[in-house]
Amino acid sequence: MNHIMPSHTDSGSHRKPRIGLLAGWGRFPVVFAEAARAQGYSVHCVGILGLASDELADICDEYRVSPLARVGRAIRFFRRRGISRAVMAGKVEKRVLFDPFRVIRLLPDLRTIHMWLRYCTENKKDDTLLLAVIREFARDGIRFDSALDFCPELLVKHGFLTRRKPSPQQWKDIRFGWEMAREMGRLDIGQTVVVNDTAVIAVEAIEGTDECIRRAGHLCRRGGFTVVKVAKPNQDMRFDVPTVGVKTLHTMHEAGGRTLAIESGMTILLDEAEVIELANKLGIAIVSVKAEELQLRESA
């Protein structure tokens, strides 16, 4: 499939600074596109087939849908429009890499094959794969910036976000889970750890945060567990920044989670007002903390 959908074109659009968007799943690409256009940018988007939101076709100046393994097509799309700056936004599922018929299903183009053989033979960690994409685009003079440069207000502020606050036992679980999650991030395994009574119930890997939380609900039938989500120790803000939103809370509620601890200034909080309203309604505590204050609490 190869759709090109122009939208929002006007006589002055060619004079606007241009930015490319490589869009995966979720709300983040939509929020970025709206923010960039509000700042006067002309947004030209390649949406990954089966992942990117259809809303992007109505927001972006130009929108193309492209399969996951067609890196060359995305590069040509940007080059032909004179785009030298781009951003990544949205989640990309890695499970397809383990499909028994992945080559037939993905049908990679030559640039994707080159990228894979040159940059991805040592391991298939998230950072390895996403940095490989950045390096392949760089060969054609296309530089990736952080989408958060355009919408920094999405990074969660420090403090208690909800009326309900963690109990002393939940603070103990937060401190315990924080170190575990930080280490999982350092190893580039995942960003989320679910804890109950200072025991690790579930650790996120390629299945993603929501599936990790659901698994914790199956394993911890009594509920009341704490979800801890943190950035990697050397987080590259161009991609894979920890993100939570309304869906995260619905999943926690269904699974029995009661507390969500996220890292201040390093976590994207989508639809903040809606998230806080829902958390208060469901009785879920959300706290945005810094690593230093957890160390102080430990020593106090």
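## K247 and its surroundings

K247 sits in helix 9 of this predicted model. Its relative accessibility is 43%, so K247 counts as partly exposed. V275 stands 28 residues away from K247 along the chain. In space, the C-alpha atoms of K247 and V275 are separated by 8.9 Å.

Helix 9 covers residues 246–255. V275 and helix 9 both come up again in the next section, on empty space.

## A cavity inside

Rolling a probe the size of a water molecule over the atoms shows where empty space is left. How many cavities of 30 Å³ or more does a search of the whole structure find? The search finds one. The largest cavity holds about 30 Å³ of space.

Which residues line the largest cavity? They are V244, G245, T248, L249, L260, I262, L269, V275 and I286. Helix 9 gives at least two residues to this lining, and strand 12 (257–263) also gives at least two. By class, the lining has seven nonpolar residues and two polar ones. No charged residue takes part in it.

## The second largest pocket

Pockets are open, unlike cavities. The second largest pocket has a volume of about 270 Å³. Its lining is made of 13 residues. Nearest the centre of this pocket lie L49, L68, V96, R105 and L106.

What classes of residue make up the lining of the second largest pocket? Eight are nonpolar, one is polar and four are charged. Charged residues are thus present here, while the lining of the largest cavity has none.

## A nonpolar patch on the surface

Three residues form a nonpolar patch on the surface: L110, I113 and L117. Together they have about 330 Å² of accessible area.

L110 belongs to helix 5, which spans residues 110–119. Is L110 buried or exposed? The cut-off for exposed is over 50% relative accessible area. L110 has 73% relative accessibility, so it counts as exposed.

## Salt bridges

Side chains of opposite charge can pair when their charged atoms come close. The count of salt bridges in this model comes to 22. Five residues are linked in a network of such bridges: R79, R111, E136, R139 and D140.

One salt bridge joins the side chains of R186 and E183, with 2.5 Å from N to O. Both residues lie in helix 7 (residues 168–186). They are three residues apart there, so about one helical turn separates R186 and E183. E183 is partly exposed, at 32% relative accessible area.

## Two more pairs

D188 and K232 also form a salt bridge, and their closest N and O atoms are 3.0 Å apart. This pair links distant parts of the chain, 44 residues apart. D188 is in the loop between helix 7 and strand 8 (192–196). K232 is in the loop between strand 10 (225–229) and strand 11 (243–244). Buried means under 20% relative accessible area. D188 has 10%, so D188 is buried. K232 has 6% relative accessibility, so K232 counts as buried too.

E207 pairs with R215 in another salt bridge. Their closest N and O atoms are 2.8 Å apart. Where do these two partners stand on the scale of accessibility? E207 counts as buried, at 14% relative accessibility. R215 is partly exposed, with a relative accessible area of 31%.

Key
Residues are numbered from 1 along each chain as its sequence is written. This is a predicted model: local features need pLDDT of at least 70, side-chain atom pairs count only at pLDDT 80 or more; totals for chains, interfaces and linings use all residues. Side-chain values use heavy atoms; hydrogens and water are left out. On a 1 Å grid over the protein atoms alone, a cavity is a set of points where a 1.4 Å probe fits but cannot get out, and a pocket is an open set with protein on both sides within 12 Å along at least five of seven lines; lining residues have an atom within 4 Å of a point. Grid points are joined across faces, edges and corners, and a volume is the space filled by probe spheres set on the points. Helices (H or I, at least four residues) and strands (E, at least two) are DSSP runs, numbered from the N terminus. Ala, Val, Leu, Ile, Met, Phe, Trp, Tyr, Cys and Pro count as nonpolar, Asp, Glu, Lys and Arg as charged, and the others, Gly among them, as polar. Patches are made of residues with over 30% relative accessible area and no salt bridge: like charges are joined within 9 Å, nonpolar side chains (Val, Leu, Ile, Met, Phe, Trp, Tyr) within 5 Å. Accessible areas come from the Shrake-Rupley method with a 1.4 Å probe; for residues, only the protein chains shown count as cover. A salt bridge is a side-chain nitrogen of Lys or Arg within 4 Å of a carboxyl oxygen of Asp or Glu. Buried means under 20% relative accessible area, exposed over 50%, partly exposed in between (1.4 Å probe, protein chains only).
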